[in-house]
Amino acid sequence: MKKNPAITAQTRQNLNDAFWELYCTKRIEKITIKEITTRAGYNRSTFYEYFTDVYDVLEQLENHLIFKLQEMPMQQLSSSSDPFQLDALVRLYSDHSGYLSVLLGDHGDPAFQRRIKASMKPMMKEALLAQGAKDGYELDYTLEYALSAMIGILSYWFNEDNPPSLEELTALLGELSSSGVMGKLMGLRD
């Protein structure tokens, strides 16, 4: 008997949601399959139709988020005026903030930030090379610096109690990108 795709998708989502509710409050090694299935209203065998263990749930969720980042059209990531199109990146981050703020936060998966950078860096490098950037260690290190800074500041923004607006954050990131961090810091002394 063939399963209804809509029911299958809903079951997977219910299991994901139950896992996520638990993951937001406790470390992954403390989450059990029994807790997930009880919360979602399914039995263990249903869980195993979709996942091998709790780590598989997390990995599939992370893979989905990384896929969403890679799905961004290159023209959104790159233009002649701004190679990172910060507003597009911030909006994408904002759309998935519920997951990203936890995964990139203090209790999230430490490997996830590396995976995000590893997925975005080649796309950005390709776009910059197409615009005439010189390949080499300087490009690699500069991209690493920029991606680390952007991911860090976005994570910080989502975990603040009273953060600036999306527009204010985008403006600040644009200024930092064009004027440089040290220029901004020196300007704050006045």
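**The second largest pocket and helix 10**

In this predicted model, the second largest pocket has a volume of about 240 Å³. Its lining comprises 15 residues. Nearest the centre of the pocket lie Val102, Gly105, Asp106, His107 and Gly108. Two elements each give two or more residues to this lining: helix 7 (97–103) and helix 9 (137–159). Helix 9 contributes the most, with three residues. By residue class, the lining of the second largest pocket holds seven polar, five nonpolar and three charged residues.

Helix 10 was examined next. This helix runs over residues 166–179 and has 14 residues. At 1.5 Å a residue, a span of 20 Å is expected. The C-alpha atoms at the two ends of helix 10 are 20 Å apart, so the model agrees with the expected span.

Burial in helix 10 follows one side. Leu166, Leu169, Thr170 and Leu173 are buried in helix 10. These four residues cover an arc of only 100° around the axis and therefore sit on the same side of the helix. The spacing fits a general rule. An α-helix has 3.6 residues a turn, so residues three or four places apart point the same way. The other side of helix 10 carries Glu167 and Ser178, both exposed. For these assignments, buried means under 20% relative accessible area, and exposed means over 50%. Just after helix 10 comes Gly180, with a positive phi of about 95°.

Key:
Residues are numbered from 1 along each chain as its sequence is written. This is a predicted model: local features need pLDDT of at least 70, side-chain atom pairs count only at pLDDT 80 or more; totals for chains, interfaces and linings use all residues. Side-chain values use heavy atoms; hydrogens and water are left out. On a 1 Å grid over the protein atoms alone, a cavity is a set of points where a 1.4 Å probe fits but cannot get out, and a pocket is an open set with protein on both sides within 12 Å along at least five of seven lines; lining residues have an atom within 4 Å of a point. Grid points are joined across faces, edges and corners, and a volume is the space filled by probe spheres set on the points. Ala, Val, Leu, Ile, Met, Phe, Trp, Tyr, Cys and Pro count as nonpolar, Asp, Glu, Lys and Arg as charged, and the others, Gly among them, as polar. The expected span of a helix is 1.5 Å times one less than its number of residues. Buried means under 20% relative accessible area, exposed over 50%, partly exposed in between (1.4 Å probe, protein chains only). The arc is that of the directions from the helix axis to the C-beta atoms.
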